[in-house]
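User: I would like a close look at a single part of this model, taken together with its surroundings. Please give one connected account.

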Amino acid sequence: MAVSSEYLDYVHDQLSGLGGVSSRRMFGGAGLYCDEFFFALIDNDTLYLRVNDANRADFTARGMGQFRPYADRPELSMSYYETPADVLEDPAQLVSWARRSVAAAMAAVKPATRAAKPAAKHAAKKAASRPGRAGASKTRPQR
């Protein structure tokens, strides 16, 4: 994966209307996040947006290709499709497509994962509220 700083800046500018967008460089490319949701990636100065059944047809109808991370294994692909050039060049249209990709990323999060965070906080609060129990460990009596 490769991404130039100029292209990354351009994509950030085009997505400025989405709000909450950040990027992280990884493996020579970049991942794009809207808040904590990974909704797009950039490889070889090409923007790929996350897809699911709700928005995949937008990409396939226009003949856009899937992101394939391994050149030697083209059968392996991910749920990201190349963004059409006219969409990339129109900030309002790109934000609209990106919103559907953020929704796809949100839908991909397993419900158990969403519920686990509040449950873990609740368990920590409960343990802290019991005096003398924090740090208590279960040990076997010595014989």
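User: Please concentrate on helix H4, beginning with the contact that a side-chain oxygen of Asp 90 makes at its start. Which residues of H4 are buried, and what covers them?

Analyst: The model is a predicted one, and the values below are computed from it. At the start of H4, the backbone nitrogen of Ala 92 has a side-chain oxygen of Asp 90 within 3.2 Å.

From there H4 spans residues 91-108. Its 18 residues cover 25 Å between the first C-alpha and the last, close to the 26 Å expected at 1.5 Å a residue.

The buried residues of H4 are Leu 94, Val 95, Trp 97, Ala 98, Ser 101, Val 102, Ala 104 and Ala 105. In general, an α-helix has 3.6 residues a turn, so residues three or four places apart point the same way. Leu 94, Ala 98, Ser 101 and Ala 105, which are among the buried residues of H4, can be read with that rule in mind. The cover over the buried residues of H4 includes strands S2, S3 and S4 as well as helices H1, H2 (56-60) and H3 (85-89).

The strands in that cover belong to an open sheet of 5 strands, ordered S1-S2-S3-S4-S5 and paired antiparallel. Strands S1 (21-26) and S5 (80-82) stand at the edges with a single partner strand each, so one side of each has no neighbour in the sheet. From one strand to the next the twist averages 30°.

Two helices lie across this sheet. H4 lies across S2, S3 and S4, at about 50° to S4. H1 (residues 5-14) lies across S1, S2, S3 and S4 (46-50), and runs at about 160° to S1.

The packing of H4 can also be followed through the largest nonpolar core, which has 27 residues. H1, S2, S3, S4, H3 and H4 each give two or more residues to this core, and the largest share, 6 residues, comes from H4. The residues with the most contacts inside the core are Val 11, Leu 32, Phe 39, Ile 42, Leu 47 and Leu 49. Val 11 touches Leu 32, Ile 42, Leu 47 and Leu 88, with residues up to four places away in sequence not counted.

Leu 32 also has a place in the strand pairing, as the S2 bridge partner of Ser 23. S1 and S2 run antiparallel and are joined by 6 bridges. They form a hairpin with 2 residues between them, and Phe 27 in the turn has a positive phi of about 50°.

On the other side of the pairing, S2 (residues 29-34) and S3 (residues 37-43) are antiparallel over 5 bridges, and Cys 34 stands opposite Phe 37 in S3.

The loops between these strands hold further positive phi values. Most residues other than glycine have a negative phi. Asp 35, in the loop between S2 and S3, nevertheless has a phi near 55°. With a relative accessibility of 53%, Asp 35 counts as exposed. Asp 45, in the loop between S3 and S4, has a positive phi of about 50° and is likewise not a glycine. At 33% relative accessibility, Asp 45 counts as partly exposed.

In summary, H4 lies across S2, S3 and S4, and the largest share of the largest nonpolar core comes from H4.

Conventions
Residues numbered from 1 in each chain as written. Predicted model: local features only at pLDDT ≥ 70, side-chain atom pairs only at ≥ 80, totals over all residues. Heavy atoms only, no water. Pairing = 2+ DSSP bridges. Helix = DSSP H or I, 4+ residues; strand = E, 2+ residues; numbered from the N terminus. Axes fitted to C-alpha atoms, helices over the stretch in contact; angles between N-to-C directions. Contact = heavy atoms within 4.5 Å. Expected span 1.5 Å × (residues − 1). Buried < 20%, exposed > 50% of the residue type's maximum accessible area, 1.4 Å probe, protein only. Polar contact = N/O pair within 3.5 Å; in protein donor to acceptor, adjacent residues only side chain to side chain. Core = buried A, V, L, I, M, F, W, Y, C linked by side-chain atoms within 4.5 Å.
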